[in-house]
Each structure stands twice: as structure tokens, then as C-alpha cells.
Amino acid sequence: MDPLKKVPVSEDVVHYRLFLVHPDTQTSEETLPQLLEDLLAELAPLLVKYIWQQQPFNLSYHPEKGGVPAHLAGSTEFGDNVEDEWFIVYLLKHLTRTFSQLAASIHDNDGQFLLIEAAEYLPKWLDPDSSENRVFLYRGELHILPNRTRSGEVGWPRDSVPLLQEALDVLHKHADHCLAHQRIRSAIDRRLQGYPDKIQSSLHHAPCYLPAAIAAVLSRRPALIAPAVSAFYLRDPIDLQACRTFRNFPPDARVLTSVTFTRCLYAQLMQQSFVPDRRSGYTLPPRSHPQYKAHELGMKLAHGFEILCSKNGLAVAAGHEAPVSSHLRWRGFLDSLQRNGYFKGELEGSVRYRELMTSAENFFKQSVTRTHSSSVHGPGEEVLQVLQSAPYSLEELKKQEAHLPLEDSDDWLNISPQELERLLEERGGRGFTCGTQVAEEEEREEEAGYSLVAVTQGMKNFINAMSSHEGAEFPRSCLPEPFSFDPDVVTSTMDRLLGGKDEELDSDDFEDEDEEDEDEEVGPREQAGAEALGSLRRYMDEMDQELQTTNIGKSFTRNAKGNDRAGAASSSEPAEEELQPLDVDVNLVTNLLESLASQAGLAGPASNLLQSLGIHLPPNADQS
């Protein structure tokens, strides 16, 4: 196929599917649609208050087609907030744990991103080509169908792709064999650590001076904050033309209200520098004003909502939106909510009951109605429909200003270098693979010192390691004990590198090993080879002699044993100058330390190489 005609893969979109592990073909068409209502009711307490960056979690029924069994599937665009993607992973783990007859698969434009998260612990045979139809979430845990190396074993060969139905059958019959290694599962669990409490901790509440109409819309549909921030964040000069007049949200009637953001949305809004058009009517107080931030946030949000309505609100239907009670699946969904205790025993008709019912209706519209509806309304149309269906009172909104919750601290926007280093170490795996007592180990390292032998040995291990065509593999070591300097270890290492006293030879100073074979007969080919080798040795000797007197030769450190032997040789034969062997380890460490010092604490080739080898040297205390 012509590469230019290939369908591009959607970025920042996660796709997920739920299968019956042991389906009955005749009843699957009835089981899955009925199960869909129970699944959404199970997730409703987690999702009703969740604010999605771009698209919400959704599921719809897909019949059997092309060898793919009937299943429930959905896709969500998560945009700049990757936490939405991992929250969906948590939801799927929760569903497969609660409904043990289900298995889930999930991927994005990067492929199996669950395996990417645990890449350091994957078996050698598992790669993007061999992972197709092998990775599932089942019974709340990650399962990987094994690689079959002998006949009779469970699994498939590495170079074969199992059919989905066959993979599900093996997963059902041999779940224990398919369970992923504990280290792989732990890597996934670390990424999901904190859920479901993390849902609330990822929110940020801030006061904003907003037009009363926008405050009324957000009180009924808090999730509309996401498309409004996105519209302002991705604005262009054409979008700002609608913000010169503000036909929908004029700045005349503004009220102070508390707005709920996600941290991602709040950061996007705060980090944008923007000056409103003078014709818009929006003015900001001086920066020293105590409410400057509230005015600035409100001004930016007003621009976002105005852009939404100008782009998507041009074709609003004359009538009101059909109520969710008219949908065929609403009654079954409501029954499932009541069975799961969603309303928490609240009396029907009470204020709290009506709030929960409104949240459930909004969730049903996002996850079910929007998925099955042929006419999907844009967010601007939803804003105008909310205003048409639910009028507001300016006086009531003014009274609520005295009872607003406190503003959340936004200190999380600022991160110190130490905190950044800690986060990078955690994401790189060092903070977890080395154990939980990282601080104590660091103190022991400072007390015991750092071994230069580890640097040289790490470089030798890397050079001697056998790698494939896919690239070099860095040996990662994480020792429970700190490095310590042992003179005996240094001596033995040097002996192994340079040989014994009687066997020391310089790599460039080739000498005849024995003269016993001089009288033996050699064939013409061997004699020619010996002459060529002798000529090469003489040539190398001459090069060594010439380089020894240059700055390059003088820049290397010589071996102490070589100096002693050279001194003895010079006393017996003063006319002949003997080459001294190089101290390879000392030269290696010296050059690495000089390179680290020249980086002045910044990233560079030496620090990156040592970090990849699992070697962490202390900061340079000598600044001279």
C-alpha cells in the first residue's frame, strides 16, 4: 500500500474492549446488552463527578464480525491529560474483578502501553509483534498468554498470533499459567496507586468572576469546564473575533463563584498569558488586587465559553432536548443504580436525591445516549440548551457568594529541583527497585564512599555484553549494600586486567612468545603470515615510539608495575627505551570524571552513560 494512502492512527485516543471469557454464542447477543446496564451502574459512583479532558468513558455493543466475538467496546480521547487513560485502566480492572466472566483488552496509538509501563521486567520474547491478542485484564490482574517453546505447553509460539476466541479459551482454562509476573503487575499497580481517592485529589477548586449565565451552566453541568478551557487554550485569531462583542456572555452581570477544575485544566488556564480586547468590555484590576486571579480566570473562561457557542451553537434545535427517561435503556440503568445503592437511602424528591439523579442523567447522556445517538451535539450546543431549559436567578447567585468554599492551594504548580529528581527516579524505577529505604541507603553511601572499581567494572560489563540488532542493553544493577573501597579487590582487578607479573604484556608491544618453534618447518602460507605479522608488529612499535614523545602519549597514566619493570630494564640496558603499559582503569575513570566536571551538574554524555549503567556518583565537591 502507498504510505501516503495509509489511514493515520489517532493520537491521544485509548481503545478498550470487554469480552465474555467463555461465551455462549446463542445467548451472547442477549447477555452483553443486558450486562452493559450493570457495568455502567457499577461505575456510576466513580464517574458521575469525574471531569474528562476530551471525551468520557463509554461502552457500546458490537456483534460478532470477522472472527472477533461479540463484545462491548469504546474509545476515549484523553488529549493532554494522560491520567484519563490510566483511570480507564483502573475502571477496567475494577470491572473484570467484579464481573469475573469478563476479560478486557486496551491499547492506544503506542500499542500495548501497559507493557511499556513494565518494559524493564518483560520476558525477552515479548515485543510489539508478539504481543497481539496476548495481553488481557482478567479478574482484576494483568494476564499475558505465555510463549510455547515445546509441544504440549500452554500458549503459542512467539511468531504466531492467536485468534481472539482461542486466546479467550486459553485464558479461561489456564488462568494461572497466563498470570503476569509479580514484578510486571507491581509496575502497573504503582502507576494506578491512589485510585479511587485520586479522583478527588486531582481536582482543584478556585473562585472565578464569571458571567451569571456561565455560573448557572457550570452548576448544572460541571463537566462543560473541559471543552471551555480547551477552546481558550487552542484559540486562534478567527476564534477571537467572536470575543469582540460577547453576544452570549456579556461582562455586565458577573458573579463570584467556585469552579471545579482538574489540575490539568487549571494549569492550562493559568499558564496562558492573555490580554482581552478592549472592545470586549472585560477589564482586569491591578495585579496587586486581592481578587486579581479570580478576575483573570473568569475572563479566560468567559472567552472559552464564548468561542464554544460561536463555533458549535449556530444550529441549536428549536425544541428542548429529549429527556433521558424516553431512552430504552434508562429504566434498566436506573434499576441497576438502585440495586447498587447509588442513592444511599435518600428519600425520593429530597434535595440530595435530586442532585444524585441529575448527576446520573448527565452520566447516562455522556456514556449511553451520545454513543447510540446519530445526532451528536457539540459542547457549545449543550451550553445553550442548558440555558434554555433551566433559567437562573442573578439574585440567588449573588447570595451564594457569601458561602463559597475555600480556594485550594496551587503550590503543586511549582516543583523544586529535588522533587523533580525524585519524580524522575521514581519514573525510572530506581526509587522502587532499590527498595523502600532509599534515604537510608543514600546516607550509607555517603558514609561508605563510592567505589571507582564499580565504574570501570560497569563499563567492562557493558562492552562485553552481547546485544541484538535491536540495540544495546544496559545492565541495570541495584545492590542492597553501598559500594565500598577494597584495596584487595582493586589489586585483583588490575591483575586480571593486566595479567600476572610473568605474563604482563602491553597490547601494542607484541613480542615473540617462544623461540622453541624457530627450528620447525613452516609452510609457505604460514611463513608469509608470520612475516606479515612481524612487519605489523614493527610498524606498531614504531608508532608507539613516535606517539610516546607527543602530548597524546604523555596524557595517559602509566601502570606502576610497568614503571618498576621499566626502571630495572633501563638500569641494565640504558640505551634501549622500553614502552610502559597503560593503566586502562585509571585512564577510564580520569576521563569520565573530567567529562562529568565539564558538564557542571547538567545532563551530558558521561552522566547519561553512567545513569544507564546504574552507577550514581556523588556531586563534585571540588569546584577548583
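Two strands count as paired if DSSP finds at least two bridges between them. Strands (E, at least two residues) and helices (H or I, at least four) are DSSP runs, numbered from the N terminus. This is a predicted model: local features need pLDDT of at least 70, side-chain atom pairs count only at pLDDT 80 or more, and totals for chains, interfaces and linings use all residues. Residues are numbered from 1 along each chain as its sequence is written, and side-chain values use heavy atoms, leaving out hydrogens and water.

Start with the whole chain. You'll find 26 helices and 8 strands, and 38% of the 624 residues are buried (under 20% relative accessible area, 1.4 Å probe, protein chains only).

Now select residues 71-77, which is strand 3; 5 of its 7 residues are buried. Add residues 60-62: strand 2 runs antiparallel to strand 3, joined to it by 3 bridges. Look for His62 opposite His71 of strand 3. Next add residues 13-20, strand 1, which is also antiparallel to strand 3, with 7 bridges. Here Val13 has Glu77 as its bridge partner.

Then jump to residues 584-599 (helix 25) and 605-612 (helix 26), whose axes sit 8 Å apart at about 120°. Axes are lines fitted to C-alpha atoms over the stretch in contact, with angles running from 0 to 180 degrees between N-to-C directions. The pair is therefore oblique, meaning not under 35 degrees, over 145, or 65 to 115.

Show side chains for Leu592, Ser595, Leu596 and Gln599, which meet Pro605, Ala606, Ser607 and Leu610 (heavy atoms within 4.5 Å).

Terms used
Buried means under 20% relative accessible area, exposed over 50%, partly exposed in between (1.4 Å probe, protein chains only).
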